Amino acid sequence: MTTNSTSELRTKGNAAFKKKQYKEACMLYGRGVKILSETKDGFEELSILYSNMAMCHIKLGEPELAVANSRKGINVLQKIADKELLSQSQQSIVIKLIFRMATSYGMMKQWKCGLDSLKEAQNVLKSMYEFVSEFFD
């Protein structure tokens, strides 16, 4: 299977999610993760799948798994950031992952971890703003 089939799995997962079939959606996203984890590319798609899995776990009341998937998605994008500047869509994915992690920490009443996650999001947003501002000075 290739990225095309993983995007098909994501589409099917999205359809299941919209029907509130969160376990089914998570399983479909997980199959996509397994496929992409065996390749050396598709990092953005992989991070999206992790983000979607995190949201499923939030909906299922499984915040620990949501944090784990959020962290995995961030780590995937960190591999790109180590080599090049993240695109705007990749930066948006990072923000979404961080907010999902903060939400999950809140569900577990781990307020400090949640606050730290929000501060991390604030720093990412600040650096995005500073980068864009350079072009308008």
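The paragraphs below walk through the helices, cores, surface and salt bridges of this predicted model. Because the model is predicted, local features are reported at pLDDT of at least 70 and side-chain atom pairs at pLDDT 80 or more, whereas totals for chains, interfaces and linings use all residues. Residues are numbered from 1 along each chain as its sequence is written, and side-chain values use heavy atoms, with hydrogens and water left out.

The protein contains six helices and zero strands, giving the pattern α-α-α-α-α-α along the sequence. Helices here are DSSP runs of H or I with at least four residues, strands are runs of E with at least two, and both are numbered from the N terminus. Of the 137 residues, 40% count as buried; buried means under 20% relative accessible area, exposed means over 50%, and partly exposed lies in between, with a 1.4 Å probe and protein chains only. Contact is taken as heavy atoms within 4.5 Å. Among contacts between residues at least 6 apart in sequence, 56% join residues at least 24 apart.

Two of the helices were checked for length against an expected span, which is 1.5 Å times one less than the number of residues. Helix H2 (residues 22-37) has 16 residues and should span 22 Å, and its end C-alpha atoms are indeed 22 Å apart. Its buried residues are Tyr22, Ala25, Cys26, Leu28, Tyr29, Gly32, Val33, Ile35 and Leu36. For the 19 residues of H4, the expected span is 27 Å, in agreement with the 26 Å between its end C-alpha atoms. Buried positions in H4 are Pro63, Ala66, Val67, Asn69, Ser70, Gly73, Ile74, Val76, Leu77 and Ile80. The cover over these H4 residues includes helix H3 (43-59) and H5.

Asparagine 69 is a polar example to look at within helix H4. This asparagine is buried, with a relative accessible area of 6%. Leaving out residues up to four places away in sequence, asparagine 69 touches Tyr50, Met53, Ala54, His57 and Leu97.

Turning to the interior, in soluble globular proteins nonpolar side chains tend to be buried together. A nonpolar core is defined here as a set of buried Ala, Val, Leu, Ile, Met, Phe, Trp, Tyr and Cys residues joined through side-chain atoms within 4.5 Å. The largest such core has 14 residues, and those with the most contacts inside it are Ile74, Leu77, Ile93, Val94, Leu97, Ile98 and Met101. Helix H4 (63-81) and helix H5 (88-107) each supply at least two residues of this core, and H5 gives the most, with seven residues. Apart from this core lies another, of twelve residues, among them Cys26, Leu46, Cys56 and Val76. Isoleucine 98, a member of the largest core, is in contact with Ile74, Ser117, Glu120, Ala121 and Val124 once neighbours within four places in sequence are set aside.

On the outside, the protein exposes about 8,300 Å², and carbon and sulfur atoms supply 55% of that area. Accessible areas come from the Shrake-Rupley method with a 1.4 Å probe, and for residues only the protein chains shown count as cover. Phe99, Leu115 and Leu118 make a nonpolar surface patch of about 260 Å². Patches are made of residues with over 30% relative accessible area and no salt bridge; like charges are joined within 9 Å and nonpolar side chains (Val, Leu, Ile, Met, Phe, Trp, Tyr) within 5 Å. Within this patch, leucine 115 belongs to helix H6 (residues 111-133) and is partly exposed, at 45% relative accessible area. Leucine 115 and alanine 102 are 13 residues apart in sequence, with 7.0 Å between their C-alpha atoms.

The whole structure holds two salt bridges, each being a side-chain nitrogen of Lys or Arg within 4 Å of a carboxyl oxygen of Asp or Glu. One joins glutamate 45 and arginine 10 at 2.9 Å, N to O. This pair links distant parts of the chain, with glutamate 45 in helix H3 and arginine 10 in helix H1 (residues 3-18), 35 residues apart. Glutamate 45 is buried at 11% relative accessible area, whereas arginine 10 counts as partly exposed at 23%. Aspartate 116 and lysine 112 also meet in a salt bridge, at 3.0 Å, N to O. These two residues are separated by about one helical turn because they are four residues apart in helix H6. Aspartate 116 is partly exposed at 34% relative accessibility, and lysine 112 is exposed at 59%.
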